[in-house]
Amino acid sequence: MVHYKVSYFPIRGAGEIARQILAYAGQDFEDNRIPKEEWPAIKPSTPFGQLPLLEVDGKVLAQSHAIARYLARQFGINGKCAWEEAQVNSIADQYKDYLNEVRPFFMVKMGFAEGDADALARDVFAPAFKKHYGFFANFLKSAGSGYLVGDSLTFVDLLIAQHTADLLTNSPALLEEFPQFKAHQEKVHSNANIKKWLETRPETPY
Ligand code: GSH
């Protein structure tokens, strides 16, 4: 049997999508959560000096979205044809652009940088959120299935549903304009394997 190992810090962050794809697939995997203090000794041995990493029978793959694409393809949640796969990848890339845009807010919010969190929430986070959930809403509408692309779940549904769930906890007012994403999150998180993962994964603040 193939041995999958996901290495990341003890948070959801960029490591969570790999964990969730494996959980969705019902695939056993090693959930290797590296304490911050141990990271400097490990960093030089990694392909790009960063986490997450996926190991497949000892072979190492870096970059969260390369990992997600590989696993999604392995487990059939990368889109049902080349065109759907390209659409899925475009949403994943745009989601990364969104995270880059809102990074100044989250750095302050999580205590990694100094700044005015309220001002950043208003001036950086809220407009970027509205712009991007507006884009993603067009995909939901056009698919018409309750999923972002095609008629079945793909890995970008897992990505966006986790973000929506985080927002429902931390900034629920933002979602009022996008009730379709609350419905989307409920649909994605009602999958039995994902439900089990959400109930049993280690609790972390982000
Ligand atoms: N583009 C990379 C990906 O998506 O995997 C970014 C990875 C990344 O930024 N990793 C951070 C990290 O490893 C944690 S989220 N930080 C520790 C370091 O850079 O030493």
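In this predicted model, a good place to start is the ligand: one of its nitrogen atoms sits 2.7 Å from an N or O atom in the side chain of Gln63. The neighbouring entry in the sequence, Ser64, joins in too, with a side-chain N or O atom 2.6 Å from an oxygen atom of the ligand. Then there's Gln50, which places a polar side-chain atom 3.1 Å from a ligand oxygen. Here are those contacts side by side.

| Residue | Ligand atom | Distance |
|---|---|---|
| Gln50 | oxygen | 3.1 Å |
| Gln63 | nitrogen | 2.7 Å |
| Ser64 | oxygen | 2.6 Å |

How much of the ligand does the protein bury? On its own the ligand would expose 510 Å², and the protein buries 68% of that. The residues surrounding the ligand are Tyr8, Phe9, Trp39, Lys43, Gly49, Gln50, Leu51, Pro52, Gln63, Ser64 and Lys96.

Some of these surrounding residues have backbone quirks as well. Leu51 and Pro52, both around the ligand, are linked by a cis peptide bond, with omega at about 10°. Pro52 belongs to the loop that runs between helix H2 (39–42) and strand E3 (53–56). Gln63 isn't a glycine, yet its phi is positive, at about 80°; you'll find Gln63 in the loop between E4 and H3. Away from that list, Asp57 also has a positive phi, near 50°, and again this is a residue other than glycine. Asp57 is in the loop between E3 and strand E4 (59–62). Why pick these out? Because most residues other than glycine have a negative phi, and most peptide bonds are trans.

Now for the helices. Ser64 turns up again here, as one of the H3 residues that meet H1. Helix H1 (residues 16–24) packs against helix H3 (residues 64–74) at an angle of about 10°, and their axes are 9 Å apart. With angles under 35 degrees counting as roughly parallel, H1 and H3 are therefore roughly parallel to each other. Which residues make the contact? From H1 come Ile17, Ala18, Ile21 and Leu22, and they meet Ser64, Ile67, Ala68, Leu71 and Ala72 of H3. Sorted by class, the contact holds eight nonpolar residues, one polar residue and no charged ones.

So Ser64 is worth a second look in the viewer, because Ser64 has a side-chain N or O atom 2.6 Å from a ligand oxygen and is also part of the roughly parallel H1 and H3 pairing.

How values were computed:
Residues numbered from 1 in each chain as written. Predicted model: local features only at pLDDT ≥ 70, side-chain atom pairs only at ≥ 80, totals over all residues. Heavy atoms only, no water. Axes fitted to C-alpha atoms, helices over the stretch in contact; angles between N-to-C directions. Helix = DSSP H or I, 4+ residues; strand = E, 2+ residues; numbered from the N terminus. Parallel < 35°, antiparallel > 145°, perpendicular 65-115°, else oblique. Contact = heavy atoms within 4.5 Å. Nonpolar A, V, L, I, M, F, W, Y, C, P; charged D, E, K, R; others polar. Near = heavy atom within 4 Å. Polar contact = N/O pair within 3.5 Å; in protein donor to acceptor, adjacent residues only side chain to side chain. Areas by Shrake-Rupley, 256 points an atom, 1.4 Å probe, with all protein chains shown as cover.
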